[in-house]
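I sat down today to look for enclosed space in this model and to check a couple of residues along the way. My notes follow, in the order I made them.

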Amino acid sequence: MSSKDPHTDSLDALKFKMSARKDSDKFFMSISEREKKPFDVLRAMYDGCIAGGVAGVVVETALYPIDTIKTRLQVARGGGQIILKGLYSGLAGNLAGVLPASAIFVGVYEPTKQKLLRSFPENLSAIAHFAAGAIAGAASSLVRVPTEVIKQRMQMGQFKSAPAAVRLIVANEGFKGLYAGYGSFLLRDLPFDAIQFCIYEQLRIGYKLAAKRDLNDPENAMLGAFAGAITGAVTTPLDVVKTRLMVQGSQNHYKGIYDCVNTIVKEEGTHALFKGMGPRVLWIGIGGSIFFGVLEKTKQILAQRHPKA
């Protein structure tokens with residue numbers, strides 16, 4: 001009968017522990033070091049534009065009817081009835097704006113995020129994500145605001161087509177009519193973009209640390225839904241104000257953001273600032289799931305097509 005050297009057993013156990021610790025350390029290091037690797041700014045912009053454009057078009061097409069109902073709920077004053085016809089009214093014209101707006105947003109967000117992550121300490125990554133979201137939102141607003149103005153007025157049945165909407169808005173209100181509610185849009189969307197992307201990125205970091213692996217598609221979608229629903233709920237009052245200012249046209253019922261809030265509370269009560277919150281949370285929650293799921297999958301496909309360095 002052969003006997004095994006106890007010293008050999010202890011060496012084998014030590015090697016196993018060191019190997020396990022090395023694998024664990026490799027994973028945790030990869031989360032931070034992945035952000036520190038040299039990156040190609042133009043490639044990050046290019047991939048971001050494609051992924052953002054694809055994700056934006058998919059989610060807008062899928063959830064446009066819910067967005068239409070939300071808009072009509074917010075605009076209805078008093079006990080006004082909500083019309084449920086023409087829920088896809090203005091979709092084609094809206095997609096013509098959503099595609100470049102989403103492409104610009106993610107195309108700016110990705111390289112900005114990478115740059116800021118290299119500038120901030122690792123424990124302040126949330127600030128980098130928050131700032132990158134706000135910067136990207138400001139850049140894409142030049143396309144998003146006219147798109148939103150035309151979309152919401154078509155949802156209200158004011159115009160039959162996007163070209164007619166542009167022509168008549170410019171004729172009646174001037175070019176600035178296409179940017180009606182621009183201030184309230186920034187007031188709503190800059191915090192929204194910053195909060196949503198910050199929550200989503202931080203959830204991904206925490207989930208990766210807990211799971212010790214990269215996320216799969218359903219997990220990305222789940223975190224996107226969670227981030228979208230929370231952000232949609234807390235920014236509903238800003239969305240109501242933005243919608244009222246954008247659809248008023250030349251009537252000038254409200255003179256600005258403060259007057260709009262004051263008039264709504266005075267005439268309809270504070271609860272009116274939360275009109276459409278249910279459809280909005282549903283829409284943005286599901287939208288966040290689709291958007292981030294498609295975004296991450298498209299980025300993964302594009303990364304696989306690039307030659308390895």
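**Entry 1: a glutamate on the inside**

I began with E201, which is buried, with a relative accessible area of 8%. The model is a predicted one, and I kept that in mind throughout. The cut-off for buried is under 20% relative accessible area, so E201 at 8% falls within that class. I located E201 in helix 6. Next I asked which residues E201 is in contact with, leaving aside its neighbours within four places in sequence. The answer came back as Y109, K113 and H129.

**Entry 2: the second largest cavity**

I met E201 again in the lining of the second largest cavity. This cavity holds about 40 Å³ of space. Besides E201, I noted V106, Y109, E110, F197, Y200, F292, L295, E296 and K299 in its lining. Y109 is thus on my list twice, once as a contact of E201 and once as a lining residue here.

Which helix gives the most to this lining? I found that helix 10 does, with 4 residues. Helix 3, helix 6 and helix 10 each supply at least two residues. Sorting the lining by class, I got 6 nonpolar and 4 charged residues, with no polar ones.

**Entry 3: the largest cavity**

How many cavities of 30 Å³ or more does the whole structure have? My search of it gave 2. I then turned to the largest cavity, where about 660 Å³ of space lies. I wrote down 28 residues lining it, and those closest to its centre are V59, E60, R144, F192 and W283. The elements that each give two or more residues to this lining are helix 2 (41–75), helix 3 (91–119), helix 4 (125–155), helix 6 (182–211) and helix 10 (277–305). By class, I have 12 nonpolar, 8 polar and 8 charged residues here.

**Entry 4: back to helix 6**

I finished with L187, which also lies in helix 6. Is L187 buried, exposed or partly exposed? I read a relative accessible area of 36% for L187, which makes it partly exposed because that class lies between 20% and 50%. With neighbours within four places in sequence left aside, L187 is in contact with L238 and I257. I also looked up the spacing to K242, which is 55 residues away from L187 along the chain. The C-alpha atoms of L187 and K242 are separated by 8.3 Å.

Methods
Residues are numbered from 1 along each chain as its sequence is written. This is a predicted model: local features need pLDDT of at least 70, side-chain atom pairs count only at pLDDT 80 or more; totals for chains, interfaces and linings use all residues. Side-chain values use heavy atoms; hydrogens and water are left out. On a 1 Å grid over the protein atoms alone, a cavity is a set of points where a 1.4 Å probe fits but cannot get out, and a pocket is an open set with protein on both sides within 12 Å along at least five of seven lines; lining residues have an atom within 4 Å of a point. Grid points are joined across faces, edges and corners, and a volume is the space filled by probe spheres set on the points. Ala, Val, Leu, Ile, Met, Phe, Trp, Tyr, Cys and Pro count as nonpolar, Asp, Glu, Lys and Arg as charged, and the others, Gly among them, as polar. Buried means under 20% relative accessible area, exposed over 50%, partly exposed in between (1.4 Å probe, protein chains only). Contact means heavy atoms within 4.5 Å.
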